[in-house]
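User: I am new to this structure and would like a close look at one part of it, the place where two neighbouring helices pack together. Please describe that part with care and then set it in the rest of the chain.

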Amino acid sequence: MGVEGIVETALNELSHENHLQVKEEIRNKISALETDLCEKYTSALTQVERYREARCEMDRRFDTQYQRKVAEALDNHLTTVQWDHELSSQIEERKIRSDTAYEEAKRKEKAFHEEKLRQEKAKAESEARLRVEEAKRDALEAERRAVKEAAERLGSETSTRAVARVAQEDAGLQMNANAGTSSKVLWAAESALNFEQARLHKFKEVDERNQALRSTYNKDLSSYEKLIKRSINQIRRSTKVVSEKACEIVKIFHDPHCPQSVSMAAFAKKVLSYCISPDNGAFACAYVIVLVTSQVPHAMDLLLAELHKACIYTVPKHITYSESAFESKGAYYKVLGYKESDGKLESTMDYLRRLESYMKLYGALVQTELQGFQNTHGLKEGWAWMARFLNTLPVNRDTAVALSAFLKMAGFALYRKFKTQFIKVLSYIWNNFLQELKAWEDPAREDLNLSATIRDIQNYMEDKLFLKEPEGRALMGGALLSDVFLA
């Protein structure tokens, strides 16, 4: 190979190396360009994504603000509509109230005039009835004097009992005035019948007034009666409970939305229903009665009237069967107090059970004494009841049950009050009442009720139970009831 070949070969190699170098430089520049473009593209894409997110956030804010403004506008609109509706309702209510007040005033005025006329009529009838009764009483007084003179001349025991019977018929005039006959054989003291008539008269006046109020009153009063019933049914042998229930009843009595005559009548009726219930507590109920009637004394007369209507021995009085006075035995039993259901009279056992419950309540009532509170029908009246009972009522099964129940409840307090005088009364019961009761007992009839009553009275005397405080008389709780009630 010559020099030219060597030179040409060197040039070719040099050209080839140059070409390779240029290609390498171009490749590097292209790679750099690609890297730069990728970075710029990534940056631009990131900016676009941020812009999109910012835009979405702004749209959400605008949307939330718009919804808030719409909700506020809607709320303002509804508030305005409600205000307009309430204003219209108030205007309409004032108009109705004004019309109602006017009608109520007219009704009250009419009821007042009717009540005034009724009272005047009742007064005139009462005066006429009293004049008739006074004339009959004068006639019987003359007869009584004649019988008494005959008794003094004859000196016989039979005539003496006739004097007592004439006096009792005199006392029974008021009961027989409406019947038009005096054939009923009534055993009662005149003073007892006078008290009974006064209470029943007051009860009748209140009942008529309540009926007039119910017909004119624009409010349902049964809710107050239910409240009284609930309070009475919840009475338990506890100082706290007795005080709470008495307070609840007194508050109802003073409620301006319920006439007091209505609440007093409901109180008397519900107390009697409670006393014959299986879980009644006569002593606890008596405490409630004394607390309530010490604040509202008129309620005592209504309660006693209800007791007299339910049980004639709380007067005390007894009625003997007479064919000329009663259409049938059933009519006689109804007068005694037997209840009728579905055309049938209750059994004698049920009647005596109710009689005993009523007498236990009465006995618990008269013996109840609370410091700082007046019992308007207390031990003095209980002592008078025993005297009238033993002096005027006959000895039989019904009177024996009444006396036994009364002694169990009130004997302890009567002994503490009257001591030897009460012992003398018990001695009279043992020597006279109990002996007559045993003589009245008929072995052929096998009257289990009478036999049990005789045993009860005998055990009461022999075991001297009047020295022991009856179960249930002392309330549980420790504190004085008067202090708890005042608090």
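Analyst: What follows begins with one helix pair and the loop that joins it, and then moves outward to the rest of the chain.

The model is a predicted one, and its secondary structure comes to 16 helices and four strands. Of the 487 residues in the chain, 36% count as buried. Among contacts with a separation of 6 or more, 72% are accounted for by residues 24 or more positions apart.

The part to look at closely is the pairing of α5 and α6, whose axes lie 9 Å apart and whose packing angle is about 165 degrees. Because angles over 145 degrees count as roughly antiparallel, α5 is described as roughly antiparallel to α6. The crossing of these two helices, α5 and α6, is left-handed. On the α5 side the contact is made by Tyr 224, Leu 227, Ile 228, Ser 231 and Ile 232, while α6 contributes Lys 245, Glu 248, Ile 249, Ile 252 and Phe 253.

Helix α6 covers residues 239-253, and its 15 residues reach 21 Å from the first C-alpha to the last, close to the 21 Å expected at 1.5 Å a residue. The buried residues of α6 are Thr 239, Val 242, Ser 243, Lys 245, Ala 246, Ile 249, Val 250, Ile 252 and Phe 253. Lys 245, which appears in that buried set, is also one of the residues through which α6 meets α5.

Which residues does Ser 231 contact, leaving aside its neighbours within four places in sequence? They are Lys 245, Glu 248 and Ile 249, and these three are among the residues that α6 brings to its contact with α5. Ser 231 itself lies in helix α5, which runs over residues 222-233. With a relative accessible area of 3%, Ser 231 is buried, because that value falls under the 20% cut-off for buried residues.

Between the two helices comes a loop, and Ile 235 is found in this loop between α5 and α6. Is Ile 235 buried or exposed? It counts as buried, at 2% relative accessibility. Not counting residues up to four places away in sequence, Ile 235 touches Val 241, Lys 245, Tyr 274, Ala 284, Cys 285 and Val 288. Lys 245 is thus a residue touched by Ile 235 of the loop and also in contact with Ser 231 of α5. The C-alpha atoms of Ile 235 and Asp 279 are separated by 9.8 Å, although the two residues are 44 residues apart along the chain.

Moving outward, the largest nonpolar core has 94 residues, and those with the most contacts inside it are Phe 267, Tyr 313, Met 359, Met 386, Ile 429 and Phe 433. Helix α13, residues 397-418, supplies the largest share of this core, namely 11 residues. A second, separate core of five residues includes Ala 282, Phe 283, Ala 286 and Met 409. Phe 433, leaving aside its neighbours within four places in sequence, is in contact with Phe 389, Leu 390, Val 395, Thr 399, Ala 400, Leu 403, Tyr 428 and Ile 457.

Helix α13 has a packing partner in α11, residues 348-366; the angle between them is about 35 degrees and their axes are 8 Å apart. Here α11 passes α13 in a right-handed crossing. Among the residues making this contact are Leu 352, Leu 355 and Met 359 of α11 and Val 401, Ala 405 and Met 409 of α13. Tyr 415 also lies in helix α13, and at 21% relative accessibility it counts as partly exposed. Its contacts, leaving aside neighbours within four places in sequence, are Phe 422, Ile 423, Phe 466 and Leu 467.

A few backbone details complete the view. A cis peptide bond, with omega about 0 degrees, joins Val 315 and Pro 316, and Pro 316 lies in the loop between α9 and β2. Asp 342, in the loop between β3 and β4, has a phi near 55 degrees, a positive value in a residue other than glycine, and counts as exposed at 79% relative accessibility. Lys 464, found in the loop between α15 and α16, likewise has a positive phi, near 50 degrees, and at 47% relative accessibility counts as partly exposed.

Note on methods:
Residues numbered from 1 in each chain as written. Predicted model: local features only at pLDDT ≥ 70, side-chain atom pairs only at ≥ 80, totals over all residues. Heavy atoms only, no water. Buried < 20%, exposed > 50% of the residue type's maximum accessible area, 1.4 Å probe, protein only. Contact = heavy atoms within 4.5 Å. Core = buried A, V, L, I, M, F, W, Y, C linked by side-chain atoms within 4.5 Å. Expected span 1.5 Å × (residues − 1). Axes fitted to C-alpha atoms, helices over the stretch in contact; angles between N-to-C directions. Parallel < 35°, antiparallel > 145°, perpendicular 65-115°, else oblique. Left-handed = near helix turned anticlockwise from the far one by under 90°.
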